[in-house]
Each structure stands twice: as structure tokens, then as C-alpha cells.
Amino acid sequence: MFATTADGLLAFFRAEVDDSVAPYLWADFEAYGYMTEGFDALLKKAEVKYEKLTLAFTADNPVVSLPAKVLHIRSMRIVDGGEIAPRATYNVSAPVDDYGQQSTGPSAMFEGSGTPCIYVRDYEKRGLRLVPIPNASGTIEIQCTTTLSTPMQNGAVLPSSDSEDLRLVLHYMKSLAYQKHDAETEDLTRARWHQESFRQGVLERESKLRNFRRPPGVVRMEGWW
């Protein structure tokens with residue numbers, strides 16, 4: 001960790017590109033724009049940031065608005081209830097009555113009501129569709145990866161303060177900064193080097209996080225000879 005706020009990371013950026021004294025080669029709004037793009041790219045490609053969100057749903061309304069920052073949903077459950085499983089729109093199956101009768105196929109999204117046990121994400125724009133249609137109001141809890149919800153600006157808390165993540169964001173910022181079409185800033189060789197450093201670094205970061213989060217395998221004990 002070497003920065004926790006956007007202005008702290010900006011100071012490192014300016015020091016490393018030799019732009020610490022005004023008038024700056026890159027204005028604050030430009031640098032914060034590069035930072036915003038950098039974190040967005042990092043969070044989307046490496047799935048660095050996890051959050052637990054709670055969203056309300058209402059009776060007779062199968063659609064739940066999903067915040068734009070949500071990327072990959074890892075798990076979902078009804079608070080004080082059961083798990084809700086993901087399905088594609090072309091493969092939906094859910095209970096439709098009190099006798100265990102099921103409706104299979106896309107029509108299940110529009111028929112019957114009860115306690116939701118399935119969600120479909122690729123049907124509604126920025127929303128989830130619960131199946132079957134809820135017959136009572138409630139709350140769902142989502143564990144998911146997220147990206148930025150607001151742009152980086154002076155004083156903003158960074159979405160990650162891990163030194164490895166910050167170094168990757170600095171590479172991304174420099175790759176954009178050195179593409180600025182100006183006699184004093186444009187350096188496409190440096191821009192490409194930082195771009196490739198970010199690309200390779202993100203692949204390694206994503207792999208490390210995936211291995212860290214992967215459940216441990218079952219260890220089988222063989223019999224003694």
C-alpha cells in the first residue's frame with residue numbers, strides 16, 4: 001500500500017512522469033480521467049473488488065434493478081431464505097404452483113408466482129428477473145465483483161489500495177498520458193510499453209486471485225501399508 005486516496009495516487013503519478021511542478025503537462029482532470037479508466041479496466045479484467053449488496057424486491061414484480069457497477073455475480077440468496085440460482089433465458093425452470101408442477105422454458109419467467117429460486121440476468125437491461133414471480137416482498141443478498149460507481153477525483157477513496165493493483169493502474173495511466181498528442185507529452189514507445197506492462201500484469205493478478213479464491217481440493221488419505 002502506498003496510496004489510499006485519488007490525490008495520493010496522483011502525486012505518485014506526477015512524480016514518476018516528472019510532472020510535479022506547475023504548470024503541469026497533464027491537468028488534474030486529465031490525470032483523474034486516466035485513473036478512472038485504469039481502475040475500471042483493472043476491476044473488470046482482474047475482478048479485484050468484491051462486494052456484498054442487498055436489494056429489495058416487491059410482490060408481483062419480477063424485476064430488480066441492478067446497480068451498473070455490478071460485474072460478475074458469485075452468489076445470491078433471499079435474506080432469511082434460500083439460494084437463488086442463475087439461469088439463461090433459453091433454459092429456465094421454476095415451480096409454478098403449490099403442487100410441485102413445473103414449467104420449463106422461457107415461459108416460466110412469465111407464469112406462476114411463489115418464492116424466487118432462479119434469476120435471469122440477460123433479459124432485462126440493468127436488471128435481474130426473478131423466477132417465479134415473487135408472491136411477497138423481500139430482500140436479496142448478492143455477493144459480486146464490482147467496478148467504479150463514480151469517477152476518481154480529489155479526495156476520493158481508492159477502490160483498492162493494494163500495491164500491486166496501484167502499480168497496474170499507474171501503468172495504465174502512463175499508457176494514456178504518453179498518447180496525449182502534444183510535443184512535450186507524446187511518446188508512443190513508452191505508451192506501448194506501459195500498455196503491455198498493464199496487460200501482462202492484469203493476467204498475472206487475475207490468475208493469483210483466482211488461485212487464492214479457489215476452494216481447496218479434497219485430500220484423500222491412502223491406507224497404510
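1. Two strands count as paired if DSSP finds at least two bridges between them. Keep that in mind for the sheet in this predicted model: strand S2 (residues 63-65) and S9 run antiparallel and are joined by three bridges. Within that pair, Ser65 sits opposite Gly127 of S9.

2. S9 has a second partner to look at. Strand S8 (residues 118-120) pairs with S9 in the antiparallel sense, again over three bridges, and Tyr119 stands opposite Leu130. Six residues lie between the strands of this hairpin, where Arg126 takes a positive phi near 50°.

3. How many residues of strand S9 (residues 127-131) are buried? Five of its five are. In a regular strand the side chains alternate between the two faces of the sheet. Here both faces of S9 are covered, with Gly127, Arg129 and Val131 on one side and Leu128 and Leu130 on the other.

4. Now to helix H2 (residues 28-46). Its 19 residues should span 27 Å at 1.5 Å a residue, and the end C-alpha atoms are 26 Å apart, so the two values agree. Buried residues of H2 include Tyr32, Met35, Phe39, Leu42 and Leu43. Just after the helix, Glu47 has a positive phi of about 50°.

5. Please have a look at Arg14 too, in helix H1 (residues 6-16). Is Arg14 buried or exposed? Buried, because its relative accessibility is 5% and the cut-off for buried is under 20%. The Arg14 side chain makes a polar contact with the side chain of Asp19 at 2.7 Å. Beyond its neighbours within four places in sequence, Arg14 is in contact with residues including Tyr24, Trp26 and Asp28.

Key:
Residues numbered from 1 in each chain as written. Predicted model: local features only at pLDDT ≥ 70, side-chain atom pairs only at ≥ 80, totals over all residues. Heavy atoms only, no water. Helix = DSSP H or I, 4+ residues; strand = E, 2+ residues; numbered from the N terminus. Buried < 20%, exposed > 50% of the residue type's maximum accessible area, 1.4 Å probe, protein only. Polar contact = N/O pair within 3.5 Å; in protein donor to acceptor, adjacent residues only side chain to side chain. Contact = heavy atoms within 4.5 Å. Expected span 1.5 Å × (residues − 1).
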